[in-house]
Amino acid sequence: MDTERNGTIFKKAREAFEGIVGERGLLDADVSVLVKTVLPEEAIGTPGRRDFPILIGQERVIEAEFLGARAHAFTDTPCEFVGSLRGIMNLPLSTNGERAMYVATMNAVLRHLNIIETTLHCRDEEPEKCAEKISSFIMERFGRIKVGLVGLNPAIAARLSQNFGSGNLRITDLSKLNIGVVKFGVEVWDGNVMTEDLVKASDLVVVTGTTLVNDTFNNIWSLIRRYKRDYLVFGVTASGISELTGLNRICPCGRK
């Protein structure tokens, strides 16, 4: 589906979501929505590696629950909410925290309606399996290409560097703890200023779904289109928006 801007993606997803909720009569239903911050160990378990952003405090996972259906979203600004579905849907979406609550709730409602399936982050050794499956999918689908990774997921970065070579991998991130540091043979570029360089240097751009929450997807998407690059959006955060707007998403180990 042709989606030009991050705002347009959110607008299309929001309109589609509101239509679904309206058709099912859920907007005014006496149903509460619970959004809470999840402890890292609750979200990701005890993976072998300890350098995931959620474990070192760079990001947090929030969890929304709707009629027993649970869903996660990643954010650097975790917020909590208890109230009606209408209350969530009336949020202005002007901050990372508001967008994260909305996205997590959207994912939970769509999971409850069986429109999407995998809305919970993978745990324990599954993140490593996820990285292996993503790398294998790219190799099988595209061959040995140049890959740009937007958002430093260490398991995915390590596997891509191993399978495609550090010379064929570019990484951007927004964390000051990562920018300028060499990870898996690749210097991490500043995502605030080097995203265009990453896209130009890549055949395929692999984008974390967190960019849909932190309002950086717009720029990434416009560059992907300008330079006619293939792309994949990864992670459970993007599950609902990808389903409603047609974004190419990969999340091989997400849980129900």
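The exercises below work through a predicted model of a protein, each with a solution that goes step by step.

**Exercise 1. Describe the protein as a whole: how many helices and strands does it have, and what share of its residues is buried?**

Step 1. The secondary structure of the protein comes to nine helices and 11 strands.

Step 2. Of the 256 residues in the protein, 53% are buried, and the exposed surface comes to about 11100 Å², with carbon and sulfur atoms supplying 45% of it.

Step 3. Turning to contacts between residues at least 6 apart in sequence, one finds that 67% of them join residues at least 24 apart.

**Exercise 2. Find which residues touch the most other members of the largest nonpolar core, and which helix gives this core its largest share.**

Step 1. The largest nonpolar core has 50 residues, and among these Phe-17 and Ile-241 touch the most other members. The largest share of this core, nine residues, is supplied by helix 4, which spans residues 96-112.

Step 2. When residues up to four places away in sequence are not counted, Phe-17 touches Met-89, Tyr-102, Met-106, Val-109, Leu-110 and Leu-244.

Step 3. Separate from this core there is a second one of 24 residues, whose members include Ile-145, Leu-160, Val-206 and Leu-232. As background to both, nonpolar side chains tend to be buried together in soluble globular proteins.

**Exercise 3. Work out the order of the strands in the seven-stranded sheet, and explain which strands stand at its edges.**

Step 1. The seven strands form an open sheet in the order 7-8-6-5-9-10-11, and their pairing is mixed.

Step 2. At the edges stand strand 7 (182-183) and strand 11 (249-250), each of which has a single partner strand, so one side of each is left without a neighbour in the sheet.

Step 3. Within the sheet, strand 6 (residues 169-173) runs parallel to strand 8 (residues 186-190), the two being joined by three bridges, and here Ile-171 stands opposite Val-188. Strand 6 also runs parallel to strand 5, with four bridges between them, and Ile-171 serves as the bridge partner of Leu-149.

Step 4. Four of the five residues of strand 6 are buried, which leaves this strand mostly covered.

Step 5. Strand 9 and strand 10 pair in the parallel sense over five bridges, and Thr-208 has Phe-234 in strand 10 as its bridge partner. Strand 10 is largely enclosed by the rest of the structure, because four of its five residues are buried.

**Exercise 4. Explain why the buried residues of helix 8 line one face, and say which strands helix 8 touches.**

Step 1. Helix 8 covers residues 217-226, and its buried residues include Phe-217, Ile-220, Trp-221, Leu-223 and Ile-224.

Step 2. Seen down the axis of helix 8, the buried residues fall within an arc of 165°, so they line one face of the helix. The general background is that an α-helix has 3.6 residues a turn, so residues three or four places apart point the same way.

Step 3. Helix 8 packs on the sheet and touches strand 5 (147-150), strand 9 (204-208) and strand 10 (230-234), while its direction makes about 165° with that of strand 9.

Step 4. Just after helix 8 comes Lys-228, which takes a positive phi of about 55°.

**Exercise 5. Decide whether Asp-230 is buried, partly exposed or exposed, and list its contacts.**

Step 1. Asp-230 has its place in strand 10. Because buried means under 20% relative accessible area and exposed means over 50%, Asp-230, at 40% relative accessibility, counts as partly exposed.

Step 2. Leaving aside neighbours within four places in sequence, Asp-230 is in contact with Phe-142, Asp-203, Leu-204 and Val-205. From Leu-204, Asp-230 is 26 residues apart in sequence, yet the C-alpha atoms of the two are 4.7 Å apart in space.

**Exercise 6. Compare Asn-114 and Asp-124: what is the phi of each, and how exposed is each?**

Step 1. Asn-114 is found in the loop between helix 4 and helix 5 (126-142), and Asp-124 also has its place in the loop between helix 4 and helix 5.

Step 2. Most residues other than glycine have a negative phi. Asn-114, although not a glycine, has a positive phi of about 60°, and Asp-124, likewise not a glycine, has a positive phi of about 55°.

Step 3. With a relative accessible area of 60%, Asn-114 is exposed, whereas Asp-124, at 31% relative accessibility, counts as partly exposed.

Conventions: Residues numbered from 1 in each chain as written. Predicted model: local features only at pLDDT ≥ 70, side-chain atom pairs only at ≥ 80, totals over all residues. Heavy atoms only, no water. Core = buried A, V, L, I, M, F, W, Y, C linked by side-chain atoms within 4.5 Å. Buried < 20%, exposed > 50% of the residue type's maximum accessible area, 1.4 Å probe, protein only. Contact = heavy atoms within 4.5 Å. Areas by Shrake-Rupley, 256 points an atom, 1.4 Å probe, with all protein chains shown as cover. Arc of directions from axis to C-beta. Pairing = 2+ DSSP bridges. Axes fitted to C-alpha atoms, helices over the stretch in contact; angles between N-to-C directions.
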